[in-house]
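Thanks for asking for a second pair of eyes on this one. My notes are below, as numbered points you can check against the view.

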Amino acid sequence: MAPVVVLVGAPGCGKTTVGQALATALGVEFRDTDTDIEQMAGKPIPEIFIDEGEAHFRTLERAAVAAALAATSGVLALGGGAVLAEETRAALVGHRVVHLSVELPDAVRRVGLGAGRPLLAINPRATLKHLMDQRRPLYTEVATATVATDGRSPTEIVAEIAALLPR
Ligand SMILES: Nc1ncnc2c1ncn2[C@@H]1O[C@H](COP(=O)(O)OP(=O)(O)O)[C@@H](O)[C@H]1O
Ligand SMILES: O=C(O)C1=C[C@@H](OP(=O)(O)O)[C@@H](O)[C@H](O)C1
Ligand SMILES: [Mg+2]
């Protein structure tokens with residue numbers, strides 16, 4: 001079993017929102033590794049960062065991605081930092097992986113004051129810029145296609161991804 005598509009990209013690019021809408025449009029399961037991690041840990045992501053730290057979160061994330069890749073034939077959204085793990089980048093080889101690209105202004109606006117992203121709790125604009133600069137090459141490395149999201153609605157983005165999929 002393999003996901004019909006895996007979504008990667010920076011926080012705020014819309015993996016969770018677009019992924020859910022795409023799965024609904026296709027009539028398939030939607031899976032988000034952040035949700036799987038919260039279920040595994042029995043607590044929300046910010047609490048995992050506070051109680052056990054980022055390294056522990058990344059360990060759970062590597063396991064969650066490996067499990068989800070093997071267990072879903074639907075749409076799979078990863079967390080924005082999942083591609084930091086070499087093991088995860090290797091596991092993505094052979095899958096259809098769409099990079100939802102976003103530039104800093106839209107990413108900052110979308111992430112806004114939203115809670116639930118502990119890495120962006122302080123100085124979100126500078127932190128996002130740093131994360132995006134660091135990760136852009138990794139998103140490009142794992143992606144089989146890139147879909148730009150700046151200034152576009154989730155509906156438009158869903159249609160563009162759907163057009164990339166086999167019918
Ligand atoms: N194309 C878009 N245009 C405007 N807002 C968006 C778009 N995609 C997502 N959003 C909004 O941005 C926020 C972050 O989206 P989310 O799907 O959680 O991103 P990710 O999972 O990639 O971090 C949410 O409030 C969502 O409603
Ligand atoms: O960029 C990151 O390192 C993270 C992104 C989050 O997911 P989204 O990209 O869905 O916001 C979540 O996995 C966690 O807060 C860490
Ligand atoms: Mg998400």
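1. Let me start with D34, which is buried, with 21 other C-beta atoms within 10 Å. Since a residue counts as buried from 20 such atoms upward, D34 passes the cut-off with its 21. Please keep in mind throughout that this is a predicted model. D34 sits in helix α2, residues 33-41. Leaving aside neighbours within four places in sequence, its contacts are I45 and G79.

2. D34 also appears in the annotation. UniProt, in an unreviewed entry, lists D34, R58, G80 and R135 under "binding site". Such annotations may be inferred rather than shown by experiment. In the model, D34 and G80 are among the residues that surround ligand 2.

3. Which residues make up the rest of that shell around ligand 2? Along the glycines G79, G80 and G81 you will find P11, K15, T16, D34, I45, R117, P118, L119 and L131. Sorted by class, the shell has five nonpolar, four polar and three charged residues. Two members of this shell, I45 and G79, are the contacts of D34 named above.

4. R135, another position in the UniProt list, belongs to helix α7, residues 124-142. R135 is classed as buried because 20 other C-beta atoms lie within 10 Å, and 20 is where the buried class begins. Not counting residues up to four places away in sequence, R135 touches A10 and V83.

5. Is the residue Q134 buried or exposed? Q134 also lies in helix α7, but it is exposed, with 11 other C-beta atoms within 10 Å. The exposed class covers counts of 12 or fewer, so the 11 of Q134 falls inside it. Its C-alpha atom is separated by 15 Å from that of A107, 27 residues apart along the chain.

6. Now to ligand 1, which is surrounded by 16 residues, the closest being G14, K15, T16, T17 and R110. Two elements give two or more residues to this shell, α1 (15-26) and α8 (154-164). Helix α1 gives the most, with four residues. By class, five residues of the shell are nonpolar, eight are polar and three are charged.

7. T16 deserves a look of its own. It is one of the closest residues to ligand 1, and it is also among those around ligand 2. UniProt, again in an unreviewed entry, places a "binding site" feature at T16. T16 lies in helix α1 and is partly exposed, with 18 other C-beta atoms within 10 Å. Beyond residues up to four places away in sequence, T16 touches D32 and A77.

8. R110, also among the residues closest to ligand 1, is found in helix α6, residues 104-111. How exposed is R110? R110 is partly exposed, with 16 other C-beta atoms within 10 Å. The C-alpha atoms of R110 and A10 are 100 residues apart along the chain but separated by 11 Å. A10 is also a contact of R135.

9. Strand β1, residues 5-8, is covered on both faces: V5 and L7 are buried on one side, V6 and V8 on the other. In a regular strand the side chains alternate between the two faces of the sheet. Strand β1 runs parallel to β3 (residues 75-77), with three bridges joining them. Another three bridges join β1 to β4 (residues 97-101), also in parallel. V6 shows both pairings, with L76 as its bridge partner in β3 and V97 as its bridge partner in β4.

10. Finally, the chain as a whole. It has eight helices and five strands, which follow the pattern β-α-β-α-α-α-β-α-β-α-α-β-α along the sequence. The radius of gyration is 15 Å, close to the 15 Å that the globule rule gives for 167 residues, so the chain is as compact as a globular protein of that length. The C-alpha trace spans about 45 × 35 × 25 Å along its principal axes. Of the 167 residues, 37% count as buried. Among contacts between residues at least 6 apart in sequence, 77% join residues at least 24 apart.

Methods:
Residues numbered from 1 in each chain as written. Chains lettered and ligands numbered in written order. Predicted model: local features only at pLDDT ≥ 70, side-chain atom pairs only at ≥ 80, totals over all residues. Near = placed C-beta within 6 Å. Nonpolar A, V, L, I, M, F, W, Y, C, P; charged D, E, K, R; others polar. Contact = placed C-beta atoms within 7 Å. Rg over C-alpha atoms; globule rule 2.2 N^0.38 Å. Pairing = 2+ DSSP bridges.
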